[in-house]
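User: Here's a fold I'd like to go through with you, one piece at a time. Can you take my questions as they come?

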Amino acid sequence: MAEGYDPNRSRTDPDRLAAFIQQPVSGDLNEVPGIGPASIKALNENGVSTTFGLIGKYLMLKESGVESVEHCDRFFYWLRDIGTAAGHRSSVVQAIAQKMEVTFPGIYDA
């Protein structure tokens, strides 16, 4: 299987993804499609305890000259490196990237 982010590997139900994108952020990591108990544990162990912190990490990986594909790959590899659930990383990247696209148009072009 290819490494890196691939939106086609997302397992998120389209309705759940749409609801996440449209709803205000509560801060509870469970609200992010693709995040379950194992990923929450890995995130907590790496200083991320809220959705706000996860979004912050995603935004920190965006630098001048970093296009959408590389940005999503950076986030995907960070999720991998901290030990989040392997089968759901693309779902998490897709959810956070699309949520941020609403706030920062152009940050994610699917």
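User: Is E45 buried or exposed?
Analyst: Let's set the scale for relative accessible area: under 20% is buried, over 50% is exposed and anything in between is partly exposed, with a 1.4 Å probe and protein chains only. E45 comes out at 55% relative accessibility, so E45 counts as exposed.

User: Before we go on, what pLDDT do side-chain atom pairs need to count?
Analyst: Residues are numbered from 1 along each chain as its sequence is written, and side-chain values use heavy atoms, with hydrogens and water left out. This is a predicted model, where totals for chains, interfaces and linings use all residues, local features need pLDDT of at least 70, and side-chain atom pairs need 80 or more.

User: Back to E45, then: which residue forms a salt bridge with E45?
Analyst: A salt bridge here means a side-chain nitrogen of Lys or Arg within 4 Å of a carboxyl oxygen of Asp or Glu. E45 has a partner that sits four residues away in helix α2 (residues 37-45), so the two are separated by about one helical turn. That partner is exposed too, with a relative accessible area of 52%. The closest N and O atoms are 2.6 Å apart, and the partner's name is K41.

User: How far apart are N and O in the salt bridge of E70 and R74?
Analyst: E70 and R74 are four residues apart in helix α4, so about one helical turn separates them. E70 is partly exposed at 37%, and R74 is partly exposed at 27%. Their side chains meet with an N to O distance of 3.1 Å.

User: E70 lies in helix α4, so to speak of distant neighbours: how far is G4 from E70 in space?
Analyst: In sequence, E70 and G4 are 66 residues apart. In space, C-alpha to C-alpha, the distance is 9.1 Å.

User: Which residue does R80 meet in a salt bridge?
Analyst: The N to O distance for R80 and E3 is 3.2 Å. This pair links distant parts of the chain, with R80 in helix α4 and E3 in the segment before α1 (14-22), 77 residues apart. R80 is partly exposed with a relative accessible area of 34%, while its partner is exposed at 53%. So the side chain that R80 meets is that of E3.

User: Which residues are linked with R80 in a network of salt bridges, and how many salt bridges are there by this rule?
Analyst: The network links R80 with E3 and D81. By this rule the count of salt bridges is five.

User: Is L79 buried or exposed?
Analyst: L79 is found in helix α4 (residues 68-82); helices are DSSP runs (H or I, at least four residues), numbered from the N terminus. L79 touches L43, L54, T84, R89, V92 and V93, leaving aside residues up to four places away in sequence, where contact means heavy atoms within 4.5 Å. Its relative accessibility is 2%, so L79 counts as buried.

User: And H71, which is also placed in helix α4: what is its relative accessibility?
Analyst: H71 touches Y58, L61, K62, V66 and I107, again not counting residues up to four places away in sequence. H71 counts as buried, since its relative accessibility is 0%.

User: At what angle do α4 and helix α5 pack?
Analyst: The axes are lines fitted to C-alpha atoms, for helices over the stretch in contact, and angles run from 0 to 180 degrees between N-to-C directions. For α4 and α5 (residues 89-103), the axes are 10 Å apart and the angle is about 135 degrees.

User: How do the residues of the contact of α4 with α5 divide?
Analyst: C72, F75, F76, L79 and R80 in α4 meet R89, S90, V92, V93, I96 and A97 in α5. Ala, Val, Leu, Ile, Met, Phe, Trp, Tyr, Cys and Pro count as nonpolar, Asp, Glu, Lys and Arg as charged, and the others, Gly among them, as polar. The contact of α4 with α5 divides into eight nonpolar, one polar and two charged.

User: How far apart are the axes of α1 and α5?
Analyst: α1 and α5 pack at an angle of about 40 degrees. The distance between their axes is 9 Å.
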